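User: Could you take a close look at one part of this protein for me and walk me through how it sits in the whole? I'd like the local details first and the wider picture after.

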Amino acid sequence: MTANLGLVIVAVDGSEESMYALRWAIENLKLRSPAPDSTETPPGSFFILHVQSPPTIATGLNPGAIPFGGPSDLEVPAFTAAIEAHQRRITEAVLEHALDICRQKNVEANVKTQVVIGDPKEKICEVAEKMHADLLVMGCRAFGPIKRKCKQLLYQPRRVSCHYCQGQGRFIIN
């Protein structure tokens with residue numbers, strides 16, 4: 001593909017589809033080469049982005065009201081801390097796997113990583129816009145044919161991600 005890409009963001013979530021998208025990007029995209037006599041044009045880079053859901057979204061749980069009249073909106077600190085620690089371990093494993101792929105393909109020098117917390121469909125696009133990405137690459141969900149058709153009819157997941165992106169960049173949903 002094109003050889004003048006400055007910043008390629010690859011969104012990963014630990015799924016095999018997102019890691020395939022990372023491999024595809026590394027193997028098929030050509031980043032901008034550094035100009036030998038100019039410091040104005042930095043070399044291109046891959047930016048691995050992982051969006052971590054907030055603990056309340058990640059678990060889908062609310063400890064609920066404390067029996068016998070306790071406050072209903074009280075968070076249990078130990079519960080939240082345990083969820084956050086577990087999410088940190090998952091995030092570290094996801095990024096380590098992604099960086100292993102980069103090491104295997106010998107592109108570790110021009111790879112950066114970032115973790116943000118929030119709703120993935122919003123945060124991925126926010127980061128892409130904020131960083132003025134030339135390209136956003138992300139995997140798709142591995143649904144079977146029946147479930148995929150139902151999801152497309154009900155939620156249209158391929159359109160949701162790009163709908164939030166207002167920038168002029170190009171987006172590949174693999």
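Analyst: A quick bit of vocabulary before we start: a residue is called buried when its relative accessible area is under 20%, exposed when it is over 50%, and partly exposed in between. Keep in mind that this is a predicted model.

Let's begin with Asp100, which is part of helix H3. Its relative accessible area is 30%, so Asp100 counts as partly exposed. The Asp100 side chain makes a polar contact with the side chain of Arg103, at 2.5 Å.

Helix H3 covers residues 77-104, and a loop links it to strand E3 (111-117). Asn106 lies in that loop. With 66% relative accessibility, Asn106 is over the 50% cut-off and therefore exposed. Its backbone is worth a look too: phi of Asn106 is near 60 degrees, a positive value in a residue that isn't glycine. For background, most residues other than glycine have a negative phi.

His132 gives you another case of this. Its phi is positive, about 55 degrees, and His132 is not a glycine either. You'll find His132 in the loop between helix H4 (120-130) and strand E4 (135-138). At 65% relative accessibility, His132 counts as exposed.

Now for a histidine in another setting. His50 belongs to strand E2, residues 45-52. Its relative accessibility is 6%, which is under 20%, so His50 counts as buried. What does the side chain of His50 reach? It reaches the backbone oxygen of Val12, at 3.0 Å. Setting aside neighbours within four places in sequence, His50 is in contact with Val12, Asp13, Thr91, Val94, Leu95, Gln114, Val115 and Val116. Thr91, Val94 and Leu95 from that list fall within the 77-104 range of helix H3, while Gln114, Val115 and Val116 fall within the 111-117 range of strand E3. That brings us back to the two elements on either side of the Asn106 loop.

Stepping back, the protein has six helices and five strands. Read from the N terminus, the order is β-α-β-α-α-β-α-β-α-α-β. Of its 174 residues, 31% are buried, and His50 is one of the buried ones. Among contacts with a separation of 6 or more, 76% join residues 24 or more positions apart. As for the surface, the protein exposes about 10900 Å², with carbon and sulfur atoms supplying 55% of that area.

How values were computed: Residues are numbered from 1 along each chain as its sequence is written. This is a predicted model: local features need pLDDT of at least 70, side-chain atom pairs count only at pLDDT 80 or more; totals for chains, interfaces and linings use all residues. Side-chain values use heavy atoms; hydrogens and water are left out. Helices (H or I, at least four residues) and strands (E, at least two) are DSSP runs, numbered from the N terminus. Buried means under 20% relative accessible area, exposed over 50%, partly exposed in between (1.4 Å probe, protein chains only). A polar contact is a pair of N or O atoms within 3.5 Å; within protein, one must be able to donate a hydrogen and the other to accept it, and residues adjacent in sequence count only if both atoms are side-chain atoms. Contact means heavy atoms within 4.5 Å. Accessible areas come from the Shrake-Rupley method with a 1.4 Å probe; for residues, only the protein chains shown count as cover.
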